[in-house]
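Colleague: Could you take me through the aromatic residues here, and zoom in on one tyrosine in particular?

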Amino acid sequence: MNRRGLSQWFGLLLLLFLSVVLVSGPAFAGTGFSDVSDSHWAAKHISKMGSTGIVGGYSDGTFRPNQPVKQVEAVVMAVRCMDDNAGSSSISVPFTVPAWAESDVARALSVGLIKSDEAFYAKSGATRAWITRLLVRIVGKDGEARSEQVMPNFIDSYKIPDWAIGYVRVAQEYNLVGGYSDNSFKPTNAVTRAELAVLLGRALEFTGESTSDTIKGRVLETSFNSLTINTDAGERRTFTLPTGVSVYDENGQIAVSDLQRYDRVSLVVDGETVKYIEKVPGDAISDVVNGIIEEVYPEAGALVVEVPAGNLRTLYLPEGADLSVSGSDRQGLTALQYGDEVEVSLTSDGYISGIMVKNRSQETYNEGIVYDLNIDAALITLQGEDGKLYSHRLGENAVVTMDSYRFPTLEDVHKGDRVSLEVEDGAVREIKVLEVSSRLSMTGTVIITSPEDRVITLEVDEQLKSFRVTADADIDISGLENARLDDVVTGDEVQVQVENSEVTSLEVEGRQVENEVTGKVVGVDTGNRVLTLKDRQDNLHAYEVRDNARVLIEGDEGNLGDIEKDMDVEARLLDEEIMYLEVDNSLEGTVDSLDDEGLLLVLQDQTGDRETYVIDDNVDIDSEDDRNDLDEINRGDYVEIILDDDVVTEIKLGTQLVLRVDRVREQWDRLETEDEDGDDVRLYVRDGVDLVVPGIDYPDLEDVQEDDMVRATFLGNDLDKVEVLEPHSGEVISVSSYGASVTLQYYDGDSATLDFDDDCEIIIDDDEYDSLSELSRGDRVEVLENGAGGYDFKVMEQVTGTLAFDVDDNDEVYLKDDYQGWEDYDLHSNVYVHDSGGSLSLRNLNKGDNVTIYLLNDLVYEIELR
C-alpha cells in the first residue's frame, strides 16, 4: 500500500475512534456505565450507588439496568449498605450460594437481613415483596413489621403473601416503597437492578446513615479541579475533582460550576478524590457576618458578635436547625466560646445557617457553676469566674461523682452546683460535684416577682436569673413577722439561698418594714386613700394606702374600692403607709377532731398549733369526692375553712385523685383524664394551679404526655395542684405476706417499703394478679401509683446470654441467639449496669461477657455482669 493509502486508512480509523468517543463518552462520564445515559430515570441513583461501591457493573462496562436482580445479588448489595464492621462472615451458610457471595450472605445472616428458617434461592429473581422485607430489615424495623396487623393500602393487597403483609405495610408507612399509578403493589413483580439502586438509596436516606466514604457539608470554594467544603464534622477539607465527575441536584445532572458558596452537598470520595457530588436541599445564604464572639446563649439559640465596626449583632439559630461549626471539634452553639473569631452565614430570613471558627479563643473553664444542663442535647454549660458562659459536650457515658450519693447520675446534677469537669477528646467524661446548690447563695436586685406563680426574677452580676420560690421558703424582712413573697418588691436588694434551682430562703437587705397590723374596717376614704381600722383592743388607727399597694380579696386581685366596712383585714406597712392589704377569712389545716352534733371543729395548722372553731348550722361543705355532710369529714382530713365573725361558714375538703391522662389540650389549659372507673375528669391547669413534672424546673402542659399518671389535689372543688407521677424501678428485697408489704431497692439507691392492699396489682406479661404470692424476692419491677390509690407492680422479663459485641456507648445491647446470630435490645436512658461489686458503666461490657438483662416494654432497665 502506498503512503497516500496509509494516510487515508489512518484518517478513517481516527475518525471512527473519535466517533465512538464522542458518542459513548458523555454517558460513561455521567453515570459510570455505558448503558445508563444521563437522561435515564434512575441515572442519579445508579451513579451514586455505583460510586459508593454498593452496586457494580459488568466487565463490559454495562450496568444492565432493566435486568431483574437475583436474590443473592440483592443481599450482597444490602450488605454493602452496612458498616464494614457489622456482622460476621465466619458463620455457616445453610443455603447454596455462589462462592463469591458466601461471606456477604454470612454477614447478612448474622445481622438478620435474611434468616436461616426462611426460603432463600440465590439464583431466583427477587420479587417486590421479597425486596420489601429486605429494605425493612436494613432500616431496623423488622420487629415492627412482625407485629403489624393492618393491611397495606393497595388495591391488590390481597395478593401480598401472608409473611410479607407486615413488611409492606411498614415500608409503605416509611415511604421505602410505593405503588404504581393505579395504586397497585404487584408483589410478585421482579425488581430490576435500576429499581433496586433507587430503593437502597431510599433506605440509606431513611436511616440517615452514610457509608464511610460519604461526606456532607457546605461548599466554601470551587475550581476546575478542586472543591473545598466545611464538613458537618466542623472540618475544612479540600478534595480533588477528576474530569467528568458526576454532579446532581434534585432535578438532575448539573455542572461543577453550578455549585455556589454555602450550597449544601453530599460527596462520595475515595481518599481525597471526589467520585460523586449531590447538591442537597438547604437554606440559601443571603448574608455573611464576620466578627468576634461576645456572648453565647445556647438555651435561647442566640449569639452576640462584635463586627469590625465595633457594633454588636445578635444572631439567632432557627429552631431544630442542623448547625455546622467549622474549626471546632463540637457542633451547635455550644462549640463557641468568648473571643472566637467567626464567619457566620445567614439565610434570607436572617437566621444562622453555618458558622466557621477562623481563630480559636484558647480560654475555657472546666470548673465553675452549672448554668444549664440539657441531658437530651448532651450539653452542660458552666459559668466561669469571669461571669461568662462556657459550654461542653457530654460524652454518652459521662460519669458523675458526688459525696453521699450511692449511684449518682446526670439527673442528680442541678443548676447552681459547683462542678469540675474531666474532658477527653472534646467530651466530658466525668463530672465531679464539688458543692451542691443548697450551699450556694447569691445577692441581686429584684426585677419582678410573681406571687401567684411563686417566681422571682433577679439581676445578678448584670444578668437576669429567674427562680421558683418554694412554698415553704424562709422569707426574712426586718421588722415584719411571717413575711411572704408578696412583701418583696421591685428594687429590693436580696440574698437568696438556692437548692435544686429553687429559692429556699430569701433575705431582704437594707429595708425596714415598720410593722404588720390586723383589724376590722371602720371606714374607707377612697378619694384620699385612707383606711381606718379597729384593732383587737378596740383602738382606732388610720393609714394612708399607697397608690401601688396590692389588694387581695379572698385570693383575687382587687382595689381599695372593694374594701367594705366590717371586713377583717391584714395590712403590711412601709414608712407607716399600707403597701399590702389582704382580706382573707380562710384558714388551712388538718382536722384534729370534729363534733358534728356540738358543731365544734379542732384544726391543727402547719406549725402544730390547735384552735377550736364553732361551725355554723348551715355550713357549706365542698369536696371533689362528693362528701357533703359533717359526718363524712374524718380526722386527718386536710381542709380550708372560711370564717365569718370567727364562725365556720364553709369547709373545703382536700382530695387527691390519681388519674390517667387521656389527652392534653394546651390551647384550653386542660388535661382530659380518666379515673379508675373510666369516668372522664377534666383538669384546668391555670393561674394558681401548681404543675409538677419530675426533672423540669418550670413545667407547662406541653411537658405532660398522654398516658401519664397524675395526682390531682383539690381543695373543695378547686384544683390546687397537678403532679405527674414518676415510676420507680428496682429490685424486690423482701415480700411480707403477713405484713402485706413489699420492700424495694431502687436503682437510684433509695429504698422503700410499700403496703400491698386490695387496690394493688402485679402485672406479669400483661396478665394482672391481686395476690402477693406472685411476687418474689429478687424480681425486678417498675412501680407506679394507680387510679385506685394503690400501686401497680410491673414485673420485668429476665434474659441471660452472652454479649455478641462490645457495648461501648451504644443505645443497644446484642445477645447471641441459638442460630449463631444475635438479638438486639434497646437500652433505657438510665439503664443500671452492675456486677456483684457495684455499679459499672456501659464501657465495662465487652464481647463474650455473660450477662443477665431485665426488660420491660422492650427496654433494658438493668444489666447484671455475671
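Modeller: Sure, and let's start with a term: contact means heavy atoms within 4.5 Å. By that rule Y262 touches R218, V219, L220, I285, V288, E343 and S345, leaving aside residues up to four places away in sequence. Keep in mind that this is a predicted model, where local features need pLDDT of at least 70 and side-chain atom pairs count only at pLDDT 80 or more, while totals for chains, interfaces and linings use all residues. Residues are numbered from 1 along each chain as its sequence is written, and side-chain values use heavy atoms, with hydrogens and water left out.

Y262 sits in the loop between β5 (252-253) and β6 (264-270); strands are DSSP runs of E, at least two residues, numbered from the N terminus. Y262 is buried, at 9% relative accessible area (buried means under 20%, with a 1.4 Å probe and protein chains only). From Y262 to E582 it's 62 Å in space, C-alpha to C-alpha, and 320 residues in sequence.

Now for the rings. The structure has 12 aromatic pairs, where rings of Phe, Tyr and Trp (its six-membered ring) pair if their centres lie within 6.5 Å, and planes under 30 degrees apart count as stacked, over 60 as edge-to-face and the rest as tilted. Y248 and Y276 are stacked because their ring centres are 5.9 Å apart and their planes at 25°. That pair links distant parts of the chain, 28 residues apart: Y248 is in strand β4 (residues 246-249) and Y276 in strand β7 (residues 273-279). Y248 is buried, with a relative accessible area of 1%, and Y276 is buried with 1% too. Elsewhere, F95, F120 and W130 make up one aromatic cluster.

Methods: Helix = DSSP H or I, 4+ residues; strand = E, 2+ residues; numbered from the N terminus. Buried < 20%, exposed > 50% of the residue type's maximum accessible area, 1.4 Å probe, protein only.
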